[in-house]
Structures are given as structure tokens and as C-alpha cells.
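Hi,

Here is the structure I said I would pass on. Have a look at it first, and then read on for what turned up.

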Amino acid sequence: LARPTVRVVINVAPVHLEGVGGCLQGVARAKGELFATAVQGDICVVNADDTWVSSLPVPPGCEVLTFGTVRQDSSDEAQPDIVLSGVRSTGFREVTFSLTETARGNAEVTDVPSSSDTVTISEPGAHLAMNAAAAAAVAAALGLPLSDVCRDLCRFESLEMRMRVIEVPARGILCLDDSYNASPASVRSALRTLHNARQGQA
């Protein structure tokens, strides 16, 4: 297998516990192996909002690039490199949010102002916004412009059985299919999406 030079851990959740000792510590330990095997010059992309992920050790000589929401009680220097904000979900139709790349988050040019773009994904689920922020952080690590990344994120389409909306117009039925290998975390996201859709808000 190819050795990755950019490594990302999005979150630590109670998934596949039977193979890691039945606890979140086991999940964190297993996912931490991705960072532990990094070598000098590699980039580790970290979810700054997940305390399990942000506490994973990164070997010396590796760059750390972060993504997450704004930290209200922190200085500008302590903010994530890719900042997620303004997440709005419109029923089963779409989720809209903004992504901002700070100057510190630009892996190619360090002396540049922050840039921000709005993304609209025509799929349900506010949780997609954090996944998109992770993708944008990886793209930033590879030197891709945020504007190009956000444009392509707008084209995202979910896979079958992963938060796929199925309509049966003749019967007036709208089905949210999230039946592929669902975990407690994904079920919570699906139920939250159902609740928000009924309320007509994020």
C-alpha cells in the first residue's frame, strides 16, 4: 500500500467497539495509529472540535492542520486553520455553510489574508458541514485554492443507503435511507435531521 503524506482523523465515536476493547479509548488508540506512523514532512489534519482527536499525539517534524468551528474564548492564533461557520439546514433539501481558510491554514503561502466561501450541498444533514471542512483542510494541505474546493463540494452527492432521500410522490411518502452500517453516532445525525426537517430549520 502507498504511504500517505496527508493524514486526517475526523472524529472518535462509538463505532466497531468490539474490535478495540469496547470503549472510546480503544477507538482513539486505533485511529491514533494513523498519526503515530507519520514521518517528518507529513501533514496531520485534526478536528479541533473533537477532544479525542485533538489530543492524539503527532510525531515531531510533522505539520498539524486543523479544522472546526470558531473558538469564542481563544485568540486568532488559536483558531482552526479551516473555520466552519453559519451552518443552516433546510429540511431534506440542502445544507449551507461557510468555510474560511486563515492565513495560517494556507500550506503554500503564509503571508496572505483569510479567505471565505459559502457552500451549499443539496443533501440533508448538518453533519455534512464538518465532513466538508475536513475535506477542505486536506485540500489546503495539498495547496488547492479554497474557492475551487468549495465549488466542487457543492457537487457532492450521497451514496446509496447513506442519508439518501427517497421520494414516493404517488403515496406522499418521503423516506430518509441511512441503513448502511449505521452506528449510534450516525443514527443520532439521522434523527437530528428528521427533527430539524420537521421544524424547518437547522
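Let's start with the inside: the largest nonpolar core has 26 residues, and those with the most contacts inside it are F67, I82, L84, F97, L99, V119 and A133. Keep in mind that this is a predicted model. Two or more residues of this core come from each of β2 (43-47), β3 (63-69), β4 (82-90), β5 (94-101), β6 (115-121), α3 (128-141) and α4 (146-153). The largest share, 11 residues, is from α3.

If you want one residue to click on, try I82. Not counting neighbours within four places in sequence, I82 is in contact with T66, F67, G68, L99, T100, E101, A133, A136, A137 and A140. There is also another core, lying apart from the big one, with 12 residues, including V20, A38, C44 and C62.

Now the sheet. It is open and made of six strands in the order β1-β2-β3-β4-β5-β6, with mixed pairing. β1 (6-9) and β6 each have a single partner strand, so one side of each of these edge strands is left without a neighbour in the sheet. On average, neighbouring strands are turned by 20° against each other, direction ignored.

Further in, β3 and β4 run parallel and are joined by three bridges; T69 stands opposite L84 in β4.

Two helices to look at on the sheet: α1 (residues 24-36) packs there and touches β1 and β2, its direction making about 160° with that of β1. α4 also packs on the sheet, touching β5 and β6, and its direction makes about 5° with that of β6.

Cheers

Conventions: Residues numbered from 1 in each chain as written. Predicted model: local features only at pLDDT ≥ 70, side-chain atom pairs only at ≥ 80, totals over all residues. Heavy atoms only, no water. Core = buried A, V, L, I, M, F, W, Y, C linked by side-chain atoms within 4.5 Å. Buried < 20%, exposed > 50% of the residue type's maximum accessible area, 1.4 Å probe, protein only. Helix = DSSP H or I, 4+ residues; strand = E, 2+ residues; numbered from the N terminus. Contact = heavy atoms within 4.5 Å. Pairing = 2+ DSSP bridges. Axes fitted to C-alpha atoms, helices over the stretch in contact; angles between N-to-C directions.
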